[in-house]
Amino acid sequence: MIKQATFYKKRIYPLLFMFLVTVICILITSGLFLSTQERATANELSFTRRAILDAGGLEYTPTTEGIEKTYKEKVQVEDGGTYYTAETAEGKRYILPMQGPGLWGTIAIMVGLEEDLTTFSGLAIVSQNETPGLGGRIEEPWFTQQFQGKKSPFTLVNEGTADAPNEVDAITGATRTSEYFRNLTNRASTDAKRIIRGE
Amino acid sequence: MAKSKLRKTFLEPLGKNNPVFVQILGICSTLAVTNKLQNTMVMVLGVMFTTALSSWTISLLRNHIPSRIRMMVETMVIATFVIIVDIVLKAFYPEMWKQLGPYVGLIITNCIIMGRIEAFALQNKPFLSLVDGLASGLGYAYVLLAIAFFRELLGTGSLWGYQILGSWWTNWSIMIMPPGGFFVLAIFIWVIRETIMKEEKA
């Protein structure tokens, strides 16, 4: 009898206990996950659309509704999502999702190009894993906005000295990230010509 | 008696039993997230939430957990709370989640949380454990915020993302890189131990 009691206490009870705790924890987390999934997906979608609008250099009200409204009015999905187009007063714009290596992980961006497929109409960061405060500064507006109206291929110059239409500011203290970013953006034009015009 | 114990439980992690500069716990995250105040704030709020609630939960279960598997149960409870933080951030603060995604998961590995459970929650009543967890979180929070204050200010010339120092300021890039964390943390611990802690001992 005593042996059976210890068997239960030593082997069965811990197993049952762990099983029960696991089930409860999974129920809580998956319940919460499912109940917020719709919101999370909507956020994700709105975020991508915002990046497309930014890259295309389109004006919009920065709310979820504003983004959706402008996106639906102006942007067309082409070729099942490989690229997007937008009609603006200054002509047609091509917006291309791209990704490439960064210093720590993949950098994903949206590149907006004018009709010549060489001049940038804008650029937006979709995701990046660079060092916060250094390479992570590629997300800052001054960095992304400087590409507007510039012609690729780009050369990097010291932070705050970019002048010519093919020069972009590198980030001080983040030379490697800046180089990876330059390589990625320099590919945009050739990629776009291949995908859009089949060249 | 009960009141003084509560007081002691709350005050000790803030001062002479501080998790960071006395117990030297949670150093990994202290070094990793303190290069910007915003990152740090989210991290410390997440840690406070997780230490407080997981200490409380484990304390509630403490008489039922078989001691051989207690660490598995603790990890499970901690991970659950961290995932809750992650899901809530993702759904309601997507911008912040984008910036901090990888850090949130790191809360699980913060040894303060498990340390407080093992050292305190397993022997004490739920409410007292909740207070202990919260106070440990607070003790961790103010040290990290202080470190982040100096790292962000010296490293980028700004605070909370706003430019504070003018263009005459040359950024000390080393401050926002990992070595900067070691320097500031070490100086912080040294100053505290040489001044405040020494007086207490004398």
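# Exercises on a predicted two-chain model

Helix α4 (residues 175–197) of chain A lies across three strands of that chain, namely β2, β3 and β4, and runs at about 130° to β3(A). The model is predicted, and the exercises below begin with the strands under this helix and then turn to chain B.

## Exercise 1. The sheet of chain A

Determine the order in which the strands of the sheet in chain A are arranged, and state which strands stand at the edges.

*Solution.*

Step 1. The sheet is open, has 5 strands and follows the order β1-β2-β3-β4-β5, with antiparallel pairing.

Step 2. The edges are held by β1 (75–78) and β5 of chain A; each has a single partner strand, so one side of each is left without a neighbour in the sheet.

Step 3. On average, and with direction ignored, neighbouring strands of this sheet are turned by 25° against each other.

## Exercise 2. Pairs of strands within the sheet

Describe how β2(A) is joined to β3(A), and how β4(A) is joined to β5(A).

*Solution.*

Step 1. Strand β2 (residues 83–88) and strand β3 (residues 91–101) of chain A run antiparallel and are joined by 5 bridges. Within this pairing, A:T85 has A:Y94 in β3(A) as its bridge partner.

Step 2. Strand β4 (residues 106–113) of chain A is also antiparallel to its partner β5(A), with 6 bridges between them. Opposite A:V111 stands A:L123 in β5(A).

Step 3. A hairpin is formed by β4(A) and β5(A), with 6 residues between the two strands. In the turn, A:L117 has a positive phi of about 60°.

## Exercise 3. The surroundings of β5(A)

Is strand β5 of chain A largely enclosed or left open by the rest of the structure?

*Solution.*

Step 1. The strand covers residues 120–127, and 6 of its 8 residues are buried. A residue counts as buried here if 20 or more other C-beta atoms lie within 10 Å of its own.

Step 2. Because 6 of the 8 residues are buried, β5(A) is largely enclosed by the rest of the structure.

## Exercise 4. The overall form of chain B

List the secondary structure of chain B, and decide how its radius of gyration compares with the globule rule.

*Solution.*

Step 1. Chain B has 9 helices and 2 strands. Read from the N terminus, its elements run α-α-α-α-α-α-α-β-β-α-α.

Step 2. For 202 residues the globule rule gives 17 Å, and the radius of gyration of chain B is close to this at 18 Å; chain B is therefore as compact as a globular protein of that length.

Step 3. The C-alpha trace of chain B spans about 60 × 50 × 30 Å along its principal axes, and 42% of the 202 residues are buried.

Step 4. Of the contacts in chain B between residues at least 6 apart in sequence, 75% join residues at least 24 apart.

## Exercise 5. Two crossing helices in chain B

Describe the crossing of α6(B) and α7(B), and name the residues that meet there.

*Solution.*

Step 1. The axes of α6 (residues 111–121) and α7 of chain B come within 10 Å and cross at roughly 145°. This crossing of α6(B) and α7(B) is right-handed.

Step 2. From α6(B), the residues B:I112, B:R116, B:F120 and B:A121 meet B:S129, B:D132, B:G133, B:S136 and B:Y140 in α7(B).

Step 3. Sorted by class, this contact has 4 nonpolar, 3 polar and 2 charged residues.

## Exercise 6. The side of chain B that touches chain A

Which element of chain B gives the most residues to the side that touches chain A?

*Solution.*

Step 1. In chain B, 23 residues are in contact with 22 residues of chain A.

Step 2. Two or more residues each come from α4 (70–92), α7 (126–156) and α8 (173–176) of chain B.

Step 3. The most come from α4(B), which gives 9 residues.

Step 4. By class, this side of chain B has 13 nonpolar, 7 polar and 3 charged residues.

Notes. Residues are numbered from 1 along each chain as its sequence is written. Chains are lettered from A and ligands numbered from 1 in the order in which they are written. This is a predicted model: local features need pLDDT of at least 70, side-chain atom pairs count only at pLDDT 80 or more; totals for chains, interfaces and linings use all residues. Helices (H or I, at least four residues) and strands (E, at least two) are DSSP runs, numbered from the N terminus. The radius of gyration is taken over C-alpha atoms; the globule rule is 2.2 Å times the number of residues to the power 0.38. A residue is buried if 20 or more other C-beta atoms lie within 10 Å of its own, exposed if 12 or fewer, and partly exposed in between; C-beta atoms are placed from the backbone. Two residues are in contact if their C-beta atoms, placed from the backbone, lie within 7 Å. Ala, Val, Leu, Ile, Met, Phe, Trp, Tyr, Cys and Pro count as nonpolar, Asp, Glu, Lys and Arg as charged, and the others, Gly among them, as polar. Two strands pair if DSSP finds at least two bridges between them. Axes are lines fitted to C-alpha atoms, for helices over the stretch in contact, and angles run from 0 to 180 degrees between N-to-C directions. A crossing is left-handed if the near helix is turned anticlockwise from the far one by less than a right angle, and right-handed if clockwise.
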